[in-house]
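Reader: I'd like a close look at the nonpolar packing here. Show me which residues meet, and then any odd backbone spots.

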Amino acid sequence: MVFNRESFIKQVEEQFNWDVIVIGGGATGLGTAVDAASRGYRTLLLEQSDFAKGTSSRSTKLVHGGVRYLAQGDVALVYEALHERGLLLKNAPHLVKDQEFIIPVYSWLSKYKYLIGLKLYDLLAGKSGFKKSSFLSADKVLKAIPGLKPDGLTGGVSYSDGQFDDARLALNLAQTAAEYGGVLLNYAKVTGLTKENENISGLSFVDTETNKSYTLKAKVVVNATGVFVDEILKMDVPSGRAIVRPSQGAHVVLDPSFLKGDSALMIPKTPDGRVLFAVPWHGKVLVGTTDTPLNEHSLEPKPLDEEIEFILTTAGKYLTKEPKRDDVLAAFAGLRPLAAPGKDTDSTKEISRSHKLIISNSGLITITGGKWTTYRKMAMDVVDKAIELGKLTAKKCITQDVKIHGYLAEMQTGDLGLYGADAEGIRDLIKTQPELSALLHPDYQYMKAEVIWMVRNEMTRTIEDVLSRRMRLLFLDARGALMLAPAVAGVMADELGKDEAWINGQVEAFTKLVKQYLLYTPGKESEKIQQVKVTA
């Protein structure tokens, strides 16, 4: 398999006509590329930034049916998601695992209410490889989650759902599409749609690394840009109504001492009606999320102060060690591309969580809504619709049985566990160049060989790509990511042939970005950055 940006650019320059061009390198776009390429269509995907830069790297890291959607009566949505959850565990077990969640209960009425609901959840899931729900005594709950306050606890309900690394799965989907002949480009921004007789015939884009522009033809153009779908739609119909209403979900990351166990905590109803999770993830604890309607979107959304306060205050009501702002290792937010209602509303409960396919008069196919768990089904619906419209020759979808790149029969532990089968390639690199086993920083177990591998085999272009979406350190420990930045930039510069000015520019830009992931005590905004010595 070739997964190299220079090679992909060359293919674009040599091939003018495509069957399918997908705009957007998040979960849905990448899933569509896998589906189209695996059916044998000539497939190109274009992403304006890095793969999963936006919403798809900022989730709560859950592959789930949606327990709260079941409570809302949306059985069809839950059934679909649980089926897809099972397929993800089957096809990407190197990244998806069965995670125990515990709902603490403080009354016998709550015990039976949650247990009955979760038994229905089990029934809808069928034989999908996940454990069934059960009731736990208070002692067993506290043994599983030692950091939980015991006051008033009568027991708990245990159930299983999936947990994964979102950005790593996105990258592996891109690599899977390439294995089937797909071409994928990051840092390729679509600048316009082309038409023949009022019908979409292709598009133009600019390679933001070289500023070179390209115009290509396609039988099908898919708009899978998440919260940015309206921008592409306006290239088609400038006067069109917005179809997406973004909703922000914020998260904080804490030291594992706050949870003290391998089980995740699920708080089913907070004071304002939300659900809150505290989940072990890559040796830390991820706590979230919120559901805040917004009227604007960006590639780098920031958690609002009120969201952070809600998460910390709510978690503090349940945890013996109450988290404060200074305990937060990283804070981040993602924007959900929810299908906008026909009327003005500030309630995200009134906005559909299911995905929608929209076919414009020009033939542009737009997919919006949905969630990570159902990315494959969304992608299948997109390609099936293109066939139904007569744009593609009919071919059967095979993605229910496609093993995702990096596939191993089970998730690996250890420093290279995240890479799945690709870990062997990194080990081989170290065998030929033992000096690459050197650590990037003495306090962190990341090696130079990993950065080399990411540049050569994962289309990494910036130190943000490495530290945010490949290693995930920016999301786990923002100050730690800043400490690794100079070393990462140095290794990348040697591999890419970049100069000192590039290194300095990368470190400067990343330092500015890190500030958005750190929480500050009022009046001490620069303190946490100044505590880290950054020299390129």
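Author: The answer below takes a helix pair, then the cores, then one buried residue and the backbone.

This is a predicted model: local features need pLDDT of at least 70, side-chain atom pairs count only at pLDDT 80 or more, and totals for chains, interfaces and linings use all residues. Residues are numbered from 1 along each chain as its sequence is written, and side-chain values use heavy atoms, without hydrogens or water.

Start with helix α13 (residues 463–470) and helix α15 (residues 478–496). Helices here are DSSP runs of H or I with at least four residues, strands are E runs of at least two, and both are numbered from the N terminus. The axes of α13 and α15 lie 9 Å apart, at an angle of about 130 degrees. Axes are lines fitted to C-alpha atoms, for helices over the stretch in contact, and angles run from 0 to 180 degrees between N-to-C directions. The angle makes α13 oblique to α15; that class is what remains after under 35 degrees (roughly parallel), over 145 (roughly antiparallel) and 65 to 115 (roughly perpendicular).

From α13, I463, V466 and L467 meet A481, L484, A485, V488, A489 and M492 of α15. Contact means heavy atoms within 4.5 Å. The residues of this contact are 9 nonpolar, no polar and no charged. Nonpolar covers Ala, Val, Leu, Ile, Met, Phe, Trp, Tyr, Cys and Pro; Asp, Glu, Lys and Arg count as charged, and the others, Gly among them, as polar.

Now the cores. A nonpolar core is a set of buried Ala, Val, Leu, Ile, Met, Phe, Trp, Tyr and Cys residues joined through side-chain atoms within 4.5 Å. Buried means under 20% relative accessible area, exposed over 50%, partly exposed in between (1.4 Å probe, protein chains only). The largest core has 70 residues. F3, V12, L46, L169, L184, L203 and F205 have the most contacts inside it. Helix α7 (residues 166–179) gives this core its largest share, 7 residues. Leaving aside neighbours within four places in sequence, F205 contacts V12, L46 and Y214, among others. A second, separate core has 49 residues, including Y419 and M454.

D35 sits in helix α2 (residues 27–38). D35 is buried, at 0% relative accessible area. Not counting residues up to four places away in sequence, D35 touches A379, M380, V383, C397 and T399.

Last, the backbone. Y187 has a positive phi, near 55 degrees, and is buried at 12%. H282 has a positive phi near 50 degrees, but is partly exposed at 40%. A cis peptide bond joins G288 and T289, with omega about 15 degrees.
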